[in-house]
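Here are my notes, as promised, from going through this model. Have the viewer open while you read.

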Amino acid sequence: MFKRLQADTRKPVGIFVDGTAVTAREGDTVSAALLASGLDVRRTTAVSGAPRLPYCMMGVCFDCLVTVDGTGNRQGCLIPVREGMRIEIQKGKREIGR
């Protein structure tokens with residue numbers, strides 16, 4: 001659905017999404033990197049299980065919730081990627097202690 005511009009010369013940053021190596025770009029947020037990855041990055045809601053993608057990209061809608069380095073319910077649109085970051089797509093409600 002989303003593609004990077006050919007002229008994007010920012011430094012590559014290696015992250016992992018559900019265990020799969022993905023190349024993001026320096027300055028990307030987690031949500032931007034997920035959308036550009038080409039992977040199915042739809043999370044599901046805790047109550048109905050409805051699929052969601054990042055929407056507002058500014059921290060208002062909470063449709064971008066992910067688990068980052070073991071910490072759940074993080075807003076991916078507000079977190080810049082960093083080398084080696086481990087991201088899990090959140091499916092339903094988060095587990096206690098995560």
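The points below cover strands, turns, cysteines and a cavity.

1. A word on provenance before anything else. This is a predicted model, so read every value below as computed from predicted coordinates.

2. Start with strand E1, residues 12–17. Its side chains alternate: Val13, Ile15 and Val17 face one way and are buried, while Pro12, Gly14 and Phe16 face the other way and are not buried.

3. Which strands does E1 pair with? One partner is strand E2 (residues 20–25), antiparallel to E1 over 6 bridges; Val22 in E2 is the bridge partner of Ile15. Another is strand E7 (residues 86–89), which pairs with E1 in the parallel sense over 2 bridges. There, Phe16 of E1 stands opposite Arg86 of E7.

4. Have a look at the turn in the E1–E2 hairpin, which has 2 residues between the strands. Asp18 sits in that loop, and its phi is near 50 degrees, a positive value in a residue that isn't glycine. For context, most residues other than glycine have a negative phi. Asp18 counts as partly exposed because its relative accessible area is 46%, between the 20% and 50% cut-offs.

5. Now strand E5, where both faces are covered. Leu65 and Thr67 lie on one side, Val66 and Val68 on the other, and all of them are buried. E5 runs antiparallel to strand E6, joined by 3 bridges, with Gln75 of E6 as the bridge partner of Leu65. E5 also pairs with E7, again in the antiparallel sense and over 3 bridges; in that pairing Val66 stands opposite Ile89.

6. The E5–E6 connection is a hairpin with 2 residues between the strands, and Asp69 in its turn has a positive phi of about 50 degrees. Asn73 is worth a click too: although not a glycine, Asn73 has a positive phi, of about 60 degrees. Asn73 is found within strand E6 (residues 71–75), and with a relative accessible area of 37% it is partly exposed.

7. How many disulfides does the structure hold? The count is 0. Cys56 is in no disulfide, and the nearest cysteine sulfur, that of Cys61, is 3.7 Å away. Cys56 counts as partly exposed, at 22% relative accessibility.

8. Why is Cys64 not bonded to Cys77? Cys77 holds the cysteine sulfur closest to that of Cys64, but the 3.6 Å between them is too far for a bond, since a disulfide here needs the two sulfur atoms within 2.5 Å. Cys64 counts as buried, at 5% relative accessibility.

9. Last, the inside. The structure holds 1 cavity of 30 Å³ or more, and the largest cavity has a volume of about 60 Å³. Helix H1 (30–37) and strand E5 (65–68) are the elements that give two or more residues to its lining. Several residues from the earlier points turn up in that lining, including Cys64, Leu65, Val66 and Ile89. Ser31 and Leu34 are also among the lining residues, as are Arg43, Arg52 and Asp63. By class, the lining has 7 nonpolar, 1 polar and 3 charged residues.

Methods:
Residues numbered from 1 in each chain as written. Predicted model: local features only at pLDDT ≥ 70, side-chain atom pairs only at ≥ 80, totals over all residues. Heavy atoms only, no water. 1 Å grid on protein atoms, 1.4 Å probe; cavity = no way out; pocket = protein on both sides within 12 Å on 5 of 7 lines; lining within 4 Å. Points joined across faces, edges and corners; volume = space filled by probe spheres on them. Helix = DSSP H or I, 4+ residues; strand = E, 2+ residues; numbered from the N terminus. Nonpolar A, V, L, I, M, F, W, Y, C, P; charged D, E, K, R; others polar. Buried < 20%, exposed > 50% of the residue type's maximum accessible area, 1.4 Å probe, protein only. Pairing = 2+ DSSP bridges.
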